[in-house]
Amino acid sequence: MGDRFVSRGFVGRRPDSGGDTASRIPPGQYLTDDFPVLSAGPTPRIPLDTWEFTIDGLVSQPVRWSWAEFQALPAREWTVDISCVTKWTKLDTRWRGVSIDDLLAAADLDPRAQFLVAHSYGGYTTNLPLGEALNGQAFVAYEYGGAPLEPAHGGPARLVVPHLYLWKSAKWVRGLHLVERDEPGFWESLGYHNRGDPWREERYSGD
Ligand SMILES: Nc1nc2c(c(=O)[nH]1)N[C@H]1C(S)=C(S)[C@@H](COP(=O)(O)O)O[C@H]1N2
Ligand SMILES: [Mo]
C-alpha cells in the first residue's frame, strides 16, 4: 500500500525528477507537496527590531546577534528533504540561512560542550548532540523557497535539521544553549525518540 502511494506520487507529480524518488522516502512515510503546519502552541510574532539570537551555556562569553547582525553572517542555501513524524515527507525544500558551524565558530566553546539545546520564542526546546549539528548538517534558516520564512513555519528564523524528524527543527528559534550532558527537549520529554532518525524510524522512545 505504501509503495503504491509512493509510486503514484512519483509518476503523477514529479515527472521531472530522477528515478530515485521512492528511494528518498524513509520507511513508513508518504510523499507530499503540501507544507503542513504543526505547532504545539500559538505562533509567536517577533518584531525584527527586538529579535535576537544567542549562544550561551558552555562558552567563555555568550554571543548575541541582532537581526541586522545575523543577516550579515555568512549565508548559504540548502535543498533538502524533510520528514515529519506524522508521516509526511517533502522533497527538495529550499532554504537560506547560516550553518550551525558558522554560528558556533563565533563562540569560544568550552571543550566540555557536547550537546546543544535549541530554545525558541514561545518556550519550545529540542536537544541535539553537537555531532548531529555540525558539518553543514543543521542551520538556522530565515528564507524558504526564496522568500522570507513565514511566521507559521517558524519565521523570522528556525532551526532546520533535515536528517532528523522535523520536531528537531525548532521554529522561532532564539538561541542555542551548550551543555555537557544531554537534556531532553519538549517532545523528547513527552515520549518522542531522543534522536529521531527517520531512516531508522526512531519515532518514539523505545523505537
Ligand atoms: N517552536 C516550535 N518549533 C517546532 C514545533 C513547535 O511546536 N514549536 N513543532 C515541531 C514539530 S513537532 C514539527 S513536525 C515541525 C513542523 O514544522 P512546520 O510547521 O513548518 O511544518 O516543527 C517543529 N518545531
Ligand atoms: Mo511533529
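These questions and answers look at a pocket, its ligand and two backbone features in a predicted model.

Q: What makes ligand 1 count as sitting in the largest pocket?
A: The test is that more than half of a molecule's atoms lie within 2 Å of the grid points of the pocket. Ligand 1 sits in the largest pocket, so it passes that test. The pocket has a volume of about 490 Å³. It is lined by 27 residues, and the closest to its centre are Leu 38, Ser 39, Ala 40, Tyr 124 and Trp 187.

Q: Why is Trp 187 counted as a lining residue of the largest pocket?
A: A lining residue needs an atom within 4 Å of a pocket point. Trp 187 is among the 27 lining residues, so it has such an atom.

Q: How is the lining of the largest pocket divided by residue type?
A: There are 17 nonpolar, eight polar and two charged residues. Tyr counts as nonpolar, so Tyr 124 of the lining belongs to the nonpolar group.

Q: Why is His 153 said to be near ligand 1?
A: A residue is near if one of its heavy atoms lies within 4 Å. His 153 is one of the closest of the 19 residues that surround ligand 1, so it meets that cut-off. This shell has 13 nonpolar, four polar and two charged residues.

Q: What makes the approach of Ala 40 to ligand 1 a polar contact?
A: The limit for a pair of N or O atoms is 3.5 Å. A backbone N or O atom of Ala 40 lies 2.6 Å from an oxygen atom of ligand 1, so the pair qualifies. Leu 38 also qualifies, with a backbone N or O atom 2.8 Å from a ligand oxygen. For Ser 169, the partner is a nitrogen atom of ligand 1, at 3.1 Å. The protein covers 96% of the 530 Å² of accessible area that ligand 1 has on its own.

Q: Where is Pro 156 found?
A: Pro 156 is in the loop between strand 9 and strand 10. The peptide bond from Gly 155 to Pro 156 is cis, with omega near 15°.

Note on methods: Residues are numbered from 1 along each chain as its sequence is written. Chains are lettered from A and ligands numbered from 1 in the order in which they are written. This is a predicted model: local features need pLDDT of at least 70, side-chain atom pairs count only at pLDDT 80 or more; totals for chains, interfaces and linings use all residues. Side-chain values use heavy atoms; hydrogens and water are left out. On a 1 Å grid over the protein atoms alone, a cavity is a set of points where a 1.4 Å probe fits but cannot get out, and a pocket is an open set with protein on both sides within 12 Å along at least five of seven lines; lining residues have an atom within 4 Å of a point. Grid points are joined across faces, edges and corners, and a volume is the space filled by probe spheres set on the points. A polar contact is a pair of N or O atoms within 3.5 Å; within protein, one must be able to donate a hydrogen and the other to accept it, and residues adjacent in sequence count only if both atoms are side-chain atoms. Accessible areas come from the Shrake-Rupley method with a 1.4 Å probe; for residues, only the protein chains shown count as cover. Helices (H or I, at least four residues) and strands (E, at least two) are DSSP runs, numbered from the N terminus.
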